[in-house]
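User: I would like a close look at a single part of this structure, and I am happy for you to choose the surroundings you need to explain it. Could you walk me through the details in one connected answer?

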Amino acid sequence: MFKKVLVANRGEIALRVIRACRELGIATVAVHSTADANALHVRFADEAVCIGPPPSKESYLNVPQLLSAAEITRADAIHPGYGFLSENAEFAEVCENCKIRFIGPRPEMLRLMGNKVRARAAAREAGMPLLPGSPGTVKDPREAEAFAKEIGFPVILKAAAGGGGKGMKIVREPGVLAQAFSTAQAEALASFNNGDLYIERYVEKPRHIEIQIVADEHGNIIHLNERECSVQRRHQKLIEEAPSPALTPELRQRMGEVSVAAMKKLRYNNVGTIEYLLDERGEFYFMEMNTRIQVEHPVTELVMGVDLVREQIRMAYGHPLRFKQEDVQIRGHAIECRVNAEDPVTFAPWPGKITGYSVPGGYGVRVDSAAYENYTVLPHYDSLLSKLIVHAEDRETAIRRMQRALSEYVVEGIRTNIPFHRAALAEESFQEGNYDTRFVERLLASETGSRRLKKAVEETP
């Protein structure tokens, strides 16, 4: 097994990796910016190295500094967590060239799935269903309009190198396509230094379903069923659950089998998540693949009884999978709420000092967080404060448990989106499992939803 792992990340995911390493008997190295000197991942790691000033480009995205930290601490592996360099093929390649194991897929997998156009082509070749769209990038608005007329409006423009909703524009009629193309291209260029776009048919009421893949270095590949990720705002997920209330056992099996067959054709390794759109007719289409551990991995861990981060590290070292597809069984229901440091109504980031902090507890409640009383939420990084996850024997009990846990969660000194979560879980459409990716938009636009959110803001401790 690895002797020492450098965790090239911060916040709750850095803590999550450190905990998994400790249970495996592996020493850990935390890296941090000057602003993160008092962070919990720095305190709990065996060693810590400062790698630069607060801006990510000068610290957590600084490859030479990360490799220097690994070299001086004699780390034999690097875990990238999620975000930052977790899906950067060049970083993975440099690590391997320096004889440091990158805990994740091979560089060629990162490169293949990191570009949405190449990923779509690979998915098509591997037998995954795709929405009608351009076979590659579209050069200009005129070409985009030709494809749009061919596949039919509405369409969606997407950044080839993108993610997180950047460089994405929905177009419902020909007259506004040229302007949408220019806007999406500018966003893509600013966010990813790559202005390439592709186009595909837009599904009006899609559900966002993802399949968790686990693949060792010996060709053994299985899936750990699905997560429902449809509660999102501007393509940023807010609530996830497993299993999805929308899937029948037959559809679940079909999505899993298609996903595993495709990953075997591609010779995928380590953990990964295939994201699909599920339309109103129950048809699913490949959207993209995330070649890393997901933020929402805890819901799968709780319903599958598998420590995904531990397995990820074991597989990276070369250990085979310890279970087979027939061993995978769903156990109850899990829900995750992402607690962000932001205004619950406007969603504007809300950095600052936490003056009081008390997390919920009790049976079936888990909190993954790097926050504490007197911790300062920094403006330089993502606003994710914690992940509140509950597990129960069924979905109805899981919802009630999450509502109870949210009512106990106390964060003073800053604003959080806890009131939003309380309002969302009280919505009839959520409780019935009858929702899609426009759920948040409808909640905020409705009089009942607005009133419920206002009430939740007033009642939140």
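Please start with N269: is it buried or exposed, and which residues does N269 touch?

Analyst: Happy to. N269 is buried, with a relative accessible area of 1%, well inside the cut-off of under 20% that defines a buried residue. Please keep in mind that this is a predicted model, and that every distance below is computed from it.

N269 sits in a loop, the one that links α9 (249–266) to β12 (270–278). Not counting residues up to four places away in sequence, N269 touches R101, G104, P105, R106, M109, A215, D216 and E217. Two of these partners also appear in polar contacts. The N269 side chain reaches the backbone nitrogen of R106 at 3.0 Å, and a side-chain to side-chain polar contact of 3.1 Å joins N269 and E217.

It helps to set N269 beside another buried polar residue, H79. H79 belongs to strand β4 (residues 77–79), and its relative accessible area is 0%, so H79 counts as buried. As with N269, there is a link to a backbone nitrogen: that of G81 lies 3.0 Å from a polar atom of the H79 side chain. There is a side-chain partner too, since H79 and Q312 are joined by a polar contact of 2.8 Å. Setting aside residues up to four places away in sequence, H79 touches V5, L6, V7, A8, V17, I103, V309, Q312 and I313.

I313 leads on to L24, which is in contact with R310, I313 and R314 once its neighbours within four places in sequence are left aside. L24 lies in the loop between α1 (11–23) and β2 (27–33). With a relative accessible area of 19%, L24 is buried, because the cut-off is under 20%. For a sense of distance across the model, L24 and H380 are 32 Å apart in space, C-alpha to C-alpha, and 356 residues apart in sequence.

A helix makes a useful companion to these single residues. Helix α12 (residues 395–408) has 14 residues, which at 1.5 Å a residue should span 20 Å; the C-alpha atoms at its ends are 20 Å apart, so the two agree. D394 caps the N-terminal end of α12, with a side-chain oxygen 3.4 Å from the backbone nitrogen of E396. The buried residues of α12 are R395, T397, A398, I399, R401, M402, A405 and L406. An α-helix has 3.6 residues a turn, so residues three or four places apart point the same way. As for what the buried residues of α12 pack against, the strands are β11 (236–242), β14 (333–340), β17 (365–369) and β19 (384–392), and the helices are α13 (418–426) and α14 (428–431).

Finally, here is the whole chain around these places. The protein chain holds 16 helices and 20 strands, and buried residues make up 58% of its 461 residues. A compact globule with 461 residues would have a radius of gyration near 23 Å, and the chain has 22 Å, which agrees. Its C-alpha atoms fill a box of roughly 60 × 55 × 45 Å along the principal axes. Of the contacts between residues at least 6 apart in sequence, 66% join residues at least 24 apart. The accessible surface comes to about 18900 Å², with 49% of that belonging to carbon and sulfur atoms.

How values were computed. Residues numbered from 1 in each chain as written. Predicted model: local features only at pLDDT ≥ 70, side-chain atom pairs only at ≥ 80, totals over all residues. Heavy atoms only, no water. Helix = DSSP H or I, 4+ residues; strand = E, 2+ residues; numbered from the N terminus. Expected span 1.5 Å × (residues − 1). Buried < 20%, exposed > 50% of the residue type's maximum accessible area, 1.4 Å probe, protein only. Contact = heavy atoms within 4.5 Å. Polar contact = N/O pair within 3.5 Å; in protein donor to acceptor, adjacent residues only side chain to side chain. Rg over C-alpha atoms; globule rule 2.2 N^0.38 Å. Areas by Shrake-Rupley, 256 points an atom, 1.4 Å probe, with all protein chains shown as cover.
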